[in-house]
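Subject: Structure handover

Hello,

Here is the structure I promised to pass on. Please open it alongside this note; what I found follows below.

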Amino acid sequence: MEPREFFIEDRLERFRLKAFCNLGESGLGFFRLEEVLRMANVSVSELSDIPMNDAPNQGSLELRKAIANLYPGVSPNQVLVTTGTGEALYLAFHLMVKPKTKVALIWPAFQALYEIPKMLGATIIQVPHEVAFQSSTWKEIDADLYILNHPHNPTGKTFPDSEWESLLGWFREKKKQVLFDEHYRFLPGVGFMGRTGVDTNHSFYGTGSFTKCFGVTGLRVGWLIAEESFIARARSFKDYLTHTVSPISEKIALGLLENKESFLPDIQSRVRNNIAKFTSLWKELPQTKDFTVPKGGLVGWLKLESGISSEVYADRLFEKTGVFVLPGSNFEVEGFLRIGFGETEERMAEGLKRWKECTDLI
């Protein structure tokens with residue numbers, strides 16, 4: 001069994017480090033180590049004192065406590081620290097998915113959410129994003145596993161409050177198994193922290209991380225939340241993969257979670273300002289037709305005029321302006337671009353100016 005090429009990652013590798021204005025990535029523009037240590041309130045001398053043995057396989061107790069505090073009713077024993085969210089998803093799917101398992105998820109989707117289940121023999125039920133944020137849509141779908149990625153990548157959509165409560169109530173009533181992929185909880189449209197659907201008492205499990213929201217993807221820290229017996233199985237499986245997360249990454253991760261109130265509001269302001277800027281002028285960008293304004297997270301979904309290849313558009317935009325965007329074809333949907341809002345506000349403004357003035361793209 002082997003998954004197909006990871007379309008998004010291949011393109012990111014080719015363009016993300018060369019772009020003048022990076023609107024292709026789904027995370028905040030990176031901070032440098034010196035800045036990250038200041039954000040985490042960790043000194044270089046503290047890092048120098050870390051013993052370079054393996055961290056605990058499940059993750060340090062201190063870090064698991066900090067993660068558990070993000071979820072109502074979750075204990076540290078229900079947390080598994082992983083090497084990024086990708087590993088958390090890989091572990092969860094190998095334990096939850098068997099051949100012919102019916103998996104329903106919002107479409108389009110981040111490829112890892114369906115490629116691994118598909119590799120394991122699952123039947124994928126695509127729930128179009130246009131109707132996916134209505135609880136009634138899901139109540140008509142008979143699946144063994146429901147995956148809710150919210151705020152949604154690539155559209156930035158999320159559930160209205162009434163639809164959210166209705167859907168969770170239905171999942172509980174029908175005893176459905178749900179996996180909540182909540183990578184963008186730290187970047188809600190309003191407020192400080194987004195809501196979670198995780199409830200280990202009802203088989204509502206979750207994956208998450210802060211690395212994209214905090215601009216520290218290089219730390220490679222994520223987690224899986226589930227009831228204790230599931231976590232024990234996942235931890236055993238993890239021994240065949242990365243085994244442990246670096247103790248250096250764990251130390252910095254703990255500091256960031258404990259000190260997030262000191263730096264996260266500035267990040268949220270930056271992302272929201274970028275979204276507002278783009279929303280105000282997307283109609284001036286060449287050959288664009290419609291835009292889904294994000295309700296959370298830091299990505300949005302821009303529709304192109306009919307008949308335009310998203311890959312050709314993205315390639316020419318990069319060649320002529322240095323602005324990098326992700327074509328919808330990388331999400332197996334044509335005619336769209338995914339726009340990321342993690343750039344600095346200055347680069348975002350200049351990138352959009354260049355894009356607007358580039359009238360010979362197609």
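By class, the lining of the largest pocket splits into 17 nonpolar, 17 polar and 15 charged residues. Please keep in mind that this is a predicted model. In total, 49 residues line the largest pocket. Those nearest its centre are Leu 12, Glu 25, Ser 26, Lys 212 and Thr 217. The volume of the largest pocket is about 1,300 Å³.

Which helix gives the largest share of the lining? That is α5, with six residues. Four helices supply at least two lining residues each: α1 (7-15), α5 (84-96), α6 (112-119) and α10 (211-214).

Now the domains. The assignment for the protein chain gives domain 1 (7-32 + 263-357) and domain 2 (43-260). Where does the largest pocket lie relative to them? Both domains give residues to its lining, so the largest pocket lies between domain 1 and domain 2. The C-alpha centres of the two domains are 25 Å apart. As for contacts, 28 residues of domain 1 touch 30 residues of domain 2.

Next, the salt bridges. How many does a search of the whole structure find? The search finds 16. Three pairs and one network are set out here.

Arg 195 pairs with Asp 161, and their closest N and O atoms are 2.7 Å apart. Arg 195 sits in the loop between β6 (178-181) and β7 (204-208), while Asp 161 belongs to helix α9 (residues 161-173), so this salt bridge ties together parts that are 34 residues apart in sequence. Are these two partners buried or exposed? Arg 195 has 25% relative accessibility, so it counts as partly exposed. Asp 161 reaches 56%, so it counts as exposed.

Arg 235 and Asp 239 form another salt bridge through their side chains, at 3.0 Å from N to O. Arg 235 is partly exposed, at 26% relative accessibility. Asp 239 is partly exposed too, with a relative accessible area of 30%.

Lys 356 bridges to Glu 284, with the closest N and O atoms 3.4 Å apart. This pair links distant parts of the chain, 72 residues apart. Lys 356 is in helix α15 (residues 345-357). Glu 284 is in the loop between α13 (260-281) and β9 (288-292). Lys 356 counts as partly exposed, at 31% relative accessibility. Glu 284 is partly exposed, with a relative accessible area of 45%.

Then there is the network. Arg 4, Glu 115 and Glu 332 are joined into one network by salt bridges that share partners.

One residue to look at separately is Pro 265. Pro 265 is found in helix α13. Its relative accessibility is 36%, so Pro 265 counts as partly exposed. What does Pro 265 touch, not counting residues up to four places away in sequence? Its contacts are Phe 192 and Lys 260. Phe 186 is 79 residues from Pro 265 along the chain, yet their C-alpha atoms are separated by 9.8 Å.

To recap, the largest pocket lies between domain 1 and domain 2, and α5 gives the largest share of its lining. The salt bridge of Arg 195 and Asp 161 and that of Lys 356 and Glu 284 are good places to begin reading the model.

Best wishes

Key: Residues are numbered from 1 along each chain as its sequence is written. This is a predicted model: local features need pLDDT of at least 70, side-chain atom pairs count only at pLDDT 80 or more; totals for chains, interfaces and linings use all residues. Side-chain values use heavy atoms; hydrogens and water are left out. On a 1 Å grid over the protein atoms alone, a cavity is a set of points where a 1.4 Å probe fits but cannot get out, and a pocket is an open set with protein on both sides within 12 Å along at least five of seven lines; lining residues have an atom within 4 Å of a point. Grid points are joined across faces, edges and corners, and a volume is the space filled by probe spheres set on the points. Ala, Val, Leu, Ile, Met, Phe, Trp, Tyr, Cys and Pro count as nonpolar, Asp, Glu, Lys and Arg as charged, and the others, Gly among them, as polar. Domain bounds come from an automatic or database domain assignment. A salt bridge is a side-chain nitrogen of Lys or Arg within 4 Å of a carboxyl oxygen of Asp or Glu. Buried means under 20% relative accessible area, exposed over 50%, partly exposed in between (1.4 Å probe, protein chains only). Contact means heavy atoms within 4.5 Å.
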